[in-house]
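Please work through the exercises below with the sequence and the structure at hand. Each task is followed by a solution in steps.

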Amino acid sequence: MAREALLCICPPDSGGLAALHAALPGRTVLTAATLHEAQCLLDQQPCAVGLLIDTIGRAPDPELQIFLSRHSHMHWVGVLPRTVLDSDAHRRLMATHLSDYHTLPVDPDRLRFTLGHLFGQAALQDDTALPPRLGAMGITGNSPAVQRLRIQIARVARVSAPVLIWGESGSGKELAAQAIHRASARAEGPFVAINCGAIPPNLIQSELFGYERGAFTGATHARAGLIESASGGTIFLDEIADLPREQQANLLRFLQEKTIYRVGATRSVSADARVIAASHVNLEVAVAEGSFREDLYYRLSVLPLVVPPLRERQADLRALADQIFASHAGDAGRRLRGFTAGAHAAMLHYSWPGNVRELINRIRRAIVMCDGRLITEEDLGLAAPPEPAAVAKELGASRERFEREAVTDALRRHGGMVSRAARDLGVSRSTMYRLLDKYGLHGRS
Ligand SMILES: Nc1ncnc2c1ncn2[C@@H]1O[C@H](COP(=O)(O)OP(=O)(O)OP(=O)(O)O)[C@@H](O)[C@H]1O
Ligand SMILES: [Mg+2]
């Protein structure tokens with residue numbers, strides 16, 4: 001497998017290669033004389049482990065820093081003259097980017113041991129913790145909720161009727177809309193997204209429907225609106241609940257007739273855009289409150305789709321966190337390895353009100369701010385989950401509260417008669433007396 005090859009960066013005059021080959025019988029070694037050559041090799045095939053023979057202190061530091069940051073997912077070992085250790089800057093670079101180092105002249109046995117250890121670690125990571133690829137449809141995760149979502153996306157992609165996506169903020173509504181577009185027959189056409197809440201109400205009509213020359217002061221030329229420019233593709237209307245009522249009527253006309261009137265136009269033009277709308281507020285409530293047209297709601301909600309909140313797909317947290325980490329670990333400018341077990345536990349315990357967007361923000365901030373090589377729950381700004389004993393205590397306390405209330409209510413309903421209250425609660429009289437005793441309550445025999 002390509003990742004089993006060792007990449008060795010070794011300036012031609014360093015004389016380090018002979019010792020290296022002795023240390024690695026049977027292993028494929030790719031050699032590069034410069035960082036540029038190394039980059040070309042890595043572009044062609046990935047390697048898990050890299051060796052920098054006499055490179056630190058010779059290659060320009062900033063270039064080496066950038067190179068190593070870009071390849072921070074690899075394990076790097078330095079082989080260097082002892083004098084390099086005298087420089088603070090080089091020691092910092094080594095601490096940040098290297099897994100280990102050896103001083104020249106190299107002891108082949110020790111080097112073989114180090115590299116064997118790192119290849120072993122890389123193989124373990126390949127098998128377990130590192131599946132940072134995007135999932136099918138660009139949606140990471142395989143929880144039952146996400147599998148259901150993918151099936152629904154594939155179904156609605158087959159037709160051209162409007163789709164209404166509901167989901168909490170940051171849950172992935174736009175991602176789902178893009179997935180529908182890409183899986184549809186319109187995939188080659190444009191995907192135009194507009195956030196109805198972000199455009200001032202007085203501009204939204206001309207943005208959506210376009211305008212004719214002279215339609216208003218400053219309209220020196222005619223312009224197509226976003227719906228027209230999404231012809232042959234999809235228009236994604238995010239935060240549809242924020243669309244002013246007048247524009248709701250115009251949108252309804254478009255959905256019914258597939259034509260639009262540009263502002264200032266006397267004739268309509270046809271536009272063939274599939275509409276996907278999204279909202280984080282419940283549109284049925286908006287209809288009931290009178291802020292959203294009922295007829296438009298029914299038109300839009302032909303194919304409703306719900307993107308589940310992150311707390312309902314906890315099984316995806318690890319894959320999502322790993323994928324976000326892999327995409328942003330380069331921002332750290334030094335080598336990070338991932339998350340501590342405590343961080344994973346804290347992520348599972350947290351309720352993620354801001355959903356995937358919050359997860360991305362917390363991980364990105366942690367990547368930049370963390371001190372160690374592993375991101376902890378503190379780096380994520382999350383509280384450690386309570387110990388199992390504390391959870392049990394909390395459960396016990398709630399159970400007692402509930403029990404006390406149930407007994408008090410039953411006694412009240414039955415005028416304090418213990419046997420009737422016991423029958424009502426479905427417990428024996430002796431249990432009832434034990435409960436009265438436990439909670440310091442009194443009843444009549
Ligand atoms: N399952 C997922 N896999 C990978 N990335 C995801 C997933 N869900 C959401 N994201 C990412 O999370 C971020 C928020 O998603 P998106 O913008 O689609 O959410 P939204 O519901 O439209 O949010 P808002 O309500 O704030 O507009 C984006 O960067 C998106 O790529
Ligand atoms: Mg959105």
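**Exercise 1. Domains**

Task: Determine how far apart the C-alpha centres of domain 2 and domain 4 lie in this predicted model.

Solution.
Step 1. Locate the domains: the assignment lists domain 1 (2-127), domain 2 (159-306), domain 3 (318-375) and domain 4 (388-439).
Step 2. Take the C-alpha centres of domain 2 and domain 4; the distance between them is 56 Å.
Step 3. Consult the record as well: an unreviewed UniProt entry places the feature "domain: Sigma-54 factor interaction" at residues 139-368.
Step 4. Describe that span: residues 139-368 are 43% helix and 15% strand, and their end C-alpha atoms are 25 Å apart.

**Exercise 2. Strand pairing**

Task: State in which sense strand 6 pairs with strand 13 and with strand 14, and find the bridge partners of Ile-165.

Solution.
Step 1. Strand 6 (residues 163-166) pairs with strand 13 (residues 274-279) in the parallel sense, over 4 bridges.
Step 2. Strand 14 (residues 303-306) also pairs with strand 6 in the parallel sense, over 4 bridges.
Step 3. Ile-165 has Ala-278 as its bridge partner in strand 13, and Leu-305 as its bridge partner in strand 14.

**Exercise 3. Cysteines**

Task: Establish how many disulfides the model contains, and explain why Cys-10 is not bonded to Cys-8.

Solution.
Step 1. Recall that a disulfide is a covalent bond between the sulfur atoms of two cysteines.
Step 2. Apply the cut-off: the two sulfur atoms must be within 2.5 Å.
Step 3. The cysteine sulfur closest to that of Cys-10 belongs to Cys-8 and is 4.9 Å away, so the two are too far apart for a bond.
Step 4. For Cys-47, the nearest cysteine sulfur is again that of Cys-8, at 11 Å, and Cys-47 is in no disulfide.
Step 5. The count is therefore 0 disulfides under the cut-off of 2.5 Å.
Step 6. Consider accessibility, where buried means under 20% relative accessible area. Cys-10, at 7%, is buried, and Cys-47, at 2%, is buried too.

**Exercise 4. One helix and its surroundings**

Task: Identify the buried residues of helix 14, decide whether they lie on the same side or on opposite sides of the helix, and name the elements against which they pack.

Solution.
Step 1. Helix 14 covers residues 341-349, and Ala-343, His-344, Ala-346 and Met-347 are buried in this helix.
Step 2. These residues span an arc of only 165 degrees around the axis, so they are on the same side of helix 14.
Step 3. The buried residues of helix 14 pack against two helices, helix 13 (317-328) and helix 15 (355-369), and against strand 15 (338-339) and strand 16 (374-375).

Key. Residues are numbered from 1 along each chain as its sequence is written. Chains are lettered from A and ligands numbered from 1 in the order in which they are written. This is a predicted model: local features need pLDDT of at least 70, side-chain atom pairs count only at pLDDT 80 or more; totals for chains, interfaces and linings use all residues. Side-chain values use heavy atoms; hydrogens and water are left out. UniProt positions are given in the numbering used here, feature names are shortened, and annotations may be inferred rather than shown by experiment. Buried means under 20% relative accessible area, exposed over 50%, partly exposed in between (1.4 Å probe, protein chains only). The arc is that of the directions from the helix axis to the C-beta atoms. Contact means heavy atoms within 4.5 Å. Domain bounds come from an automatic or database domain assignment. Two strands pair if DSSP finds at least two bridges between them.
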